[in-house]
Amino acid sequence: MSFRKMSLGLAAATMLAGTALPAFAQDSIYVPLFTYRTGAFAGSGTYIADGMHDYLQMLNQRDGGIGGVKLVIEECETGYDTKKGVECYEAVKGKNPVMVNPWSTGITLPLIPRASVDKIPILSMAYGLSASARGDIFPWVFNPPATYWDGLSMIIKYIGEKEGGLEKLKGKKIGFIHLDAAFGKEPIPLLQELSKEIGFEVALYPVAAQDMQNQSSQWLSARRDRPDYMIMWGWGTMNGAAVKEAVRSGYPMDKFYSVWWPSEDDAKSGGAGAKGFKMLNWHAVGTNFPALQDIQKHVVEKGLSKSPKEKVGELLYNRGVYNSLLIAEGIAQAQKITGKKAVTGEDVRRGIENIKLDPARLKELGLEGFTETLTLSCSDHNGHRPAFMQEWDGTKWVKISDPIEPMTDRVKAQLDAAAKDYAEKNAGWPKRTEACDKAS
């Protein structure tokens, strides 16, 4: 297992490829980052890795860490491969990590049953198992600020509003082009249920990982099927190839929607014809925030970042910043609750359950206006926050809607049933050790 040391915070963190490390010092906080800078998914993973690392490194450089305790930031390269991801987890769990960020639904799923045993919180930010939003059933897993089921419901809701109401979708055909993996399949049960309830037809277009850059057959099928709308659940090179093929096949881009993962580079793959392509998002792009400017000052300009300067502030870079914002807030809240400086994974789980990113806190953090309010709790590990629709104008993403609330009335019952079903099918599933009506 090859690791790349990303933090200059502590000399004790120095690591050579394949060399095992002892648990880190008690006067530090160990934050492993599962990343992928190589392979077919590197075009997406690299920028997120940069944003995650740079925000935490900024806290080290500017503030001396969190609460006076340095962060040890260490990456483990997974290549977006589930087996390698699990190997990363096994390699880091003995070094007292305060949480683990799998950055893959496929990696997240096998880690879920391990988390409660090892007492390491899993942060699968806006990905992973949607049902793990139920903190009473999944006390060690967090997936804020919205689940994939929330995201799908927002897209359907937005399309319905454009048609004049959800009932107007009856008789329509909605295509769903997706990575043929756990990530891409995650929202399909809800999509099929909504199709029965509302009356639209679903056409599925799975894309195998080895075929992500060659989607001609899927788009030929789409030309034959003529879906009224197309929704994409893609990642890595799949997104850019899909935009390019949609343009080439003549699919109307104003009818092409995506969940929140395409980057600026993905949209640019379609050239001028990609104008009108839409996707959900829940945070700002750009560097017009004090925290982003501090990243530039304390990390990028000092040569402590791997990110090209021009990529700082782009969509996926800022997605990584948001992810590390959650890490940092979980740690800060844990310190506040326990009175300890060098907190543990158990402490940080309690900290994440007490996150409250309101406008005042975001302003204090130098991120005023960067994102919506997020409040987590013992029972709600997600928040189910709204997202907005943004559109590619040919050169950049432009926000085109107010916040879109999830279709909670339609999603909640099914999500609750899925969470209970998961626990029932996994014999011996560990229950919460404390009730959710008390401090977690």
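Helices α1 and α10 are roughly perpendicular to each other, because angles of 65 to 115 degrees count as such. They are the opening stop of this tour, which moves through a predicted model.

**First stop: α1 and α10**

Select residues 42-63 for helix α1 and residues 290-300 for helix α10; the two pack at an angle of about 70 degrees, with their axes 9 Å apart. Next, display the side chains where they touch. On α1, the contact is made by D54, Y55, Q57, M58, Q61 and R62. On α10, the partners are A291, D294, I295, H298, V299 and V300. Colouring this contact by residue class shows six nonpolar, three polar and three charged residues.

**Second stop: the loop between α2 and α3**

Move to the loop that joins α2 (82-92) to α3 (105-118), and select N96 within it. What is unusual in the backbone here? N96 has a positive phi, of about 60 degrees, although it is not a glycine. Continue along the chain to W103, which is also placed in the loop between α2 and α3. W103 is not a glycine either, yet its phi is positive, at about 55 degrees. Keep W103 selected, since this residue belongs to the lining of the largest cavity.

**Third stop: the largest cavity**

How many cavities of 30 Å³ or more does the model hold? The count comes to four. The largest of the cavities contains about 70 Å³ of space. To see its walls, add Y36, Y80, S104, T105, Y127, Y148, F183, W235 and W261 to W103. Are these lining residues mainly nonpolar or charged? Eight are nonpolar, two are polar and none is charged.

**Fourth stop: a cis peptide bond**

Select P144 and P145 and inspect the bond that links them. The peptide bond from P144 to P145 is cis, with omega near 5 degrees. P145 is found in the loop that runs between strand β5 (141-142) and helix α4 (148-163). Y148, which lines the largest cavity, lies within the residue range of α4.

**Fifth stop: α7 and α8**

Now select residues 216-225 for helix α7 and residues 237-249 for helix α8. The axes of α7 and α8 come within 10 Å and cross at roughly 40 degrees. That angle makes α7 oblique to α8. The crossing of α7 past α8 is right-handed. From α7, show S216, W219 and R223; from α8, show A242, E245, A246 and S249, which complete the contact. Three of the contact residues are nonpolar, two are polar and two are charged.

**Last stop: α11 and α12**

Finish with helix α11 (residues 315-338) and helix α12 (residues 345-352). At what angle do the axes of α11 and α12 cross? The crossing is at roughly 100 degrees, and the axes come within 7 Å. That makes α11 roughly perpendicular to α12. Select G330, I331, Q333, A334, I337 and T338 on α11, which meet D347, V348, R350, G351 and I352 on α12. By class, the contact of α11 with α12 divides into five nonpolar, four polar and two charged residues.

Technical notes
Residues numbered from 1 in each chain as written. Predicted model: local features only at pLDDT ≥ 70, side-chain atom pairs only at ≥ 80, totals over all residues. Heavy atoms only, no water. Axes fitted to C-alpha atoms, helices over the stretch in contact; angles between N-to-C directions. Helix = DSSP H or I, 4+ residues; strand = E, 2+ residues; numbered from the N terminus. Parallel < 35°, antiparallel > 145°, perpendicular 65-115°, else oblique. Left-handed = near helix turned anticlockwise from the far one by under 90°. Contact = heavy atoms within 4.5 Å. Nonpolar A, V, L, I, M, F, W, Y, C, P; charged D, E, K, R; others polar. 1 Å grid on protein atoms, 1.4 Å probe; cavity = no way out; pocket = protein on both sides within 12 Å on 5 of 7 lines; lining within 4 Å. Points joined across faces, edges and corners; volume = space filled by probe spheres on them.
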